[in-house]
Amino acid sequence: MTDGDRFTPQLTADGSFTFFSPEFGESFHSHFGARQEAQSKFVEPTQLALKARSGIVRILDVCYGLGYNSAAAFATIWAVNADCRIEWFGLESDRRVPEGAIAHHLLDPWGSAIVETLSQLARDREIHTDRLDARLLLGDARQTVNTVIGANFQADAIFLDPFSPPQCPQLWTVEFLHLLSRCLHPHGRLATYSCAAAVRAALIAVGLSIGSTPPVGRKAPGTVASFSAIAESPLSPQEREHLQTRAAIPYRDRQLQDPASEIIRRRQLEQQTCQLEPTSRWKKRWMLASTAPDSAPNSPGKLDENLA
């Protein structure tokens, strides 16, 4: 069996495909649309079409996976400015995932040029041309990110796309997000699909301002973060109150080496002893508010599958 055969493509609602991870018990993308998610949750919130006009864009793709986020980014940037130079780092733990995406032709919708580029990246781990300087780093992102920091890399866009916090808490901790913040340009943006209060609280703890990104196929928004205020997409009152509940206790991993079980246990203990409002009370209050006659017509509703 080849590496590409280890994963079976699963169709999503927009006609694109994703993989399922037995290790984490989750798919790599939302079933509402893998390709749509890459564009709407990562490329658009980081304003890459606008940044392409400057002639150079720097991207850090955390949990590169199938390569969809970077494929969408490259296509968007070069559609605006064909001569734009992209400097890129990708962090990935399992080389079989990008290799499987190539083997199953999952990147074909982005065209032959993007497929050829990402095929070379999956195979050789590096590309150095006039308009692309790229390195794919394999291993635990908690360690490989130090290579990015050591290169003094300042990203215009960071894509934060691990599996969900309850399944992969080690890449949502205050300590790891602090390392990512060191890789973010003062005017850059970090985007993620998650709106979990623990994630948002951790982003705030490392000095970033946050905003919401539009939902993709469901009520839950994503999150965009920057060192400056996100004026076009502020949090709603419901989302701000969510950050005052026990759900907002962040994940911690001070030595950046603890297993997921220990990180989860530590957070649960802190939740049990904190004085914050129980998340269930917040959920009940906003559930009642959403059914009241004078409730806001554009209430974002359920914010995330992982509220605890």
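**Exercise 1. The core**

Which residues have the most contacts inside the largest nonpolar core? Identify them in this predicted model, then find the helix that gives the most to the core.

*Solution.*
- Step 1. Start with the general rule: in soluble globular proteins, nonpolar side chains tend to be buried together.
- Step 2. Look at the core itself. The largest nonpolar core has 84 residues. Ile59, Leu60 and Trp88 have the most contacts inside this core.
- Step 3. Check the helices. Helix 3, residues 68–80, gives the most to this core, with 7 residues.
- Step 4. Follow Ile59 outward, leaving aside residues up to four places away in sequence. Among the residues that Ile59 touches are Leu48, Ala73, Ile77, Trp88 and Phe153.

**Exercise 2. Strand 12**

Describe the cover and the pairing of strand 12, residues 222–226.

*Solution.*
- Step 1. Recall the geometry. In a regular strand the side chains alternate between the two faces of the sheet.
- Step 2. Split the residues by side. Gly222, Val224 and Ser226 lie on one side of strand 12, and Thr223 and Ala225 on the other.
- Step 3. Test each side for burial, with the cut-off at under 20% relative accessible area. Both faces of strand 12 are covered. The count is 5 of its 5 residues buried.
- Step 4. Find the partners. Strand 10 (residues 184–192) pairs with strand 12 in the antiparallel sense, over 3 bridges. Strand 11 (residues 209–213) also pairs with strand 12 in the antiparallel sense, over 5 bridges.
- Step 5. Pin the register. Thr192 has Thr223 as its bridge partner. Val224 stands opposite Gly211.

**Exercise 3. Helix 4**

Why are the buried residues of helix 4 on the same side?

*Solution.*
- Step 1. List the buried residues. In helix 4, residues 96–103, they are Val97, Pro98, Gly100 and Ala101.
- Step 2. Take their directions around the axis. These residues cover an arc of only 160 degrees, so they sit on the same side of helix 4.
- Step 3. Relate this to helix geometry. An α-helix has 3.6 residues a turn, so residues three or four places apart point the same way.
- Step 4. Name the cover. Strand 6 (85–92) and helix 5 (112–124) are included in what covers the buried residues of helix 4.
- Step 5. Inspect the end. Just after helix 4, His105 takes a positive phi of about 60 degrees.

**Exercise 4. The whole chain**

How many helices and strands does the chain have? Add its burial and exposed area.

*Solution.*
- Step 1. The chain has 11 helices and 12 strands.
- Step 2. Of its 308 residues, 54% count as buried.
- Step 3. The chain exposes about 13,800 Å², and carbon and sulfur atoms supply 51% of that area.

Terms used. Residues are numbered from 1 along each chain as its sequence is written. This is a predicted model: local features need pLDDT of at least 70, side-chain atom pairs count only at pLDDT 80 or more; totals for chains, interfaces and linings use all residues. Side-chain values use heavy atoms; hydrogens and water are left out. Buried means under 20% relative accessible area, exposed over 50%, partly exposed in between (1.4 Å probe, protein chains only). Helices (H or I, at least four residues) and strands (E, at least two) are DSSP runs, numbered from the N terminus. Two strands pair if DSSP finds at least two bridges between them. Accessible areas come from the Shrake-Rupley method with a 1.4 Å probe; for residues, only the protein chains shown count as cover. A nonpolar core is a set of buried Ala, Val, Leu, Ile, Met, Phe, Trp, Tyr and Cys residues joined through side-chain atoms within 4.5 Å. Contact means heavy atoms within 4.5 Å. The arc is that of the directions from the helix axis to the C-beta atoms.
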